[in-house]
Amino acid sequence: MMGVLLVLLSVGLLIPRVMLRAHAATLPLRDKAIGRLGEDGEGALYLPADSVRLILKNYAVARDEQGLYFRGEWAKTVAFAEYEITVYDRGNRILDILRVREKFNGGRFTHDTRLPAGADYITLRLICVDDTPVLPDPRPFNKQYAAWLAVLCLCLAVAADLLLWLGVTFLLNCLDDFTMTYRLSSSVWAALLAGTAAAVVVLTCAFSLGGFFLRRKRYLHEKR
């Protein structure tokens with residue numbers, strides 16, 4: 001029992017990381033660097049995606065004595081903007097996804113947002129501006145997204161099967177006062193576990209792929 005609980009805990013810790021990777025694979029690729037900041041090159045200036053440039057025409061990832069920080073330059077005046085900063089390390093691994101809510105401060109730049117230690121570069125995605133949602137630039141279906149979706153399906157299927165096994169086993173033990181007389185045959189267990197795993201995989205793919213292609217279709221429709 002302790003071993004199963006440890007497996008469940010491991011899967012539970014792994015699933016959010018896998019979901020983060022799958023989400024990152026749907027985001028636009030790395031933004032284009034267009035210049036350096038300062039004589040010593042202590043920062044870089046980036047050109048964001050088309051959907052972002054309507055509000056933030058560029059942004060900088062710079063360093064001071066406290067570490068790296070993000071600062072965007074407004075393209076126009078807005079009362080409120082919410083955006084997402086995905087932070088990567090040198091190995092292209094996601095360190096964090098920061099959600100920033102920004103009220104217009106009357107200046108040329110956004111407030112500075114501190115980046116976690118080990119950050120190397122970021123991608124920027126607008127979520128909404130003045131209560132109006134902003135559709136992100138779609139990234140085509142790619143091998144990286146497909147691979148992480150497959151890993152996510154596997155993790156969820158394993159977690160669901162383990163929970164089913166624990167639940168059914170406990171229920172049978174309760175029914176026979178823990179005398180271990182009620183048992184299911186191996187064929188019944190195989191059918192239950194296979195059916196559960198298949199259902200989890202189908203539902204996960206349906207929700208994930210459906211959301212992916214619906215967002216892309218909606219974006220392309222609104223761009224016409």
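**Close-up views of the predicted model**

**View 1. Phe141 is partly exposed, with a relative accessibility of 43%.** This view, like the others, shows a predicted model. The value for Phe141 falls between the limits of 20% for buried and 50% for exposed, so this residue belongs to the intermediate class. Phe212, in contrast, is buried at 4% relative accessibility. The ring pair formed by these two residues is taken up in View 3.

**View 2. Tyr46, Tyr59, Phe70 and Tyr83 make up one aromatic cluster.** Nine aromatic pairs are found in the structure. One of them joins Phe70 and Tyr83, whose ring centres lie 5.7 Å apart with 50° between the planes, a tilted arrangement. Phe70 belongs to strand β4 (residues 67–74) and Tyr83 to strand β5 (residues 80–88), so the contact ties together parts separated by 13 residues in sequence. Phe70 has a relative accessibility of 0% and counts as buried. Tyr83 is buried as well, its relative accessible area being 0%.

**View 3. The rings of Phe141 and Phe212 form an edge-to-face pair, because their planes meet at 85° with the centres 5.9 Å apart.** This pair links distant parts of the chain, 71 residues apart: Phe141 is in the loop between β9 (132–133) and α3 (143–175), and Phe212 is in helix α4 (residues 186–223).

**View 4. The charged end of Arg71 sits over the ring of Phe109.** The distance from this charged end to the centre of the Phe109 ring is 5.8 Å.

**View 5. Strands β6, β5, β8 and β9 form an open sheet in that order, with antiparallel pairing.** Its edges are β6 (94–103) and β9, each of which pairs on one side only. Between β5 and β6 the antiparallel pairing runs over nine bridges. Tyr83, the β5 residue of View 2, has Val100 in β6 as its bridge partner.

**View 6. Cys205 and Cys153 are not joined by a disulfide, because their sulfurs are too far apart for a bond.** Cys153 holds the cysteine sulfur closest to that of Cys205, at 3.6 Å, whereas a disulfide requires a separation within 2.5 Å. Across the whole structure, zero disulfides are found. The relative accessible area of Cys205 is 23%, which places this residue in the partly exposed class. Another cysteine, Cys128, has a relative accessibility of 12% and counts as buried. The two cysteines fall on opposite sides of the 20% limit, so their classes differ.

Technical notes: Residues are numbered from 1 along each chain as its sequence is written. This is a predicted model: local features need pLDDT of at least 70, side-chain atom pairs count only at pLDDT 80 or more; totals for chains, interfaces and linings use all residues. Side-chain values use heavy atoms; hydrogens and water are left out. Buried means under 20% relative accessible area, exposed over 50%, partly exposed in between (1.4 Å probe, protein chains only). Rings of Phe, Tyr and Trp (its six-membered ring) pair if their centres lie within 6.5 Å; planes under 30 degrees apart count as stacked, over 60 as edge-to-face and the rest as tilted. Helices (H or I, at least four residues) and strands (E, at least two) are DSSP runs, numbered from the N terminus. A charge sits over a ring if NZ of Lys or CZ of Arg is within 6 Å of the ring centre and within 35 degrees of the ring normal. Two strands pair if DSSP finds at least two bridges between them.
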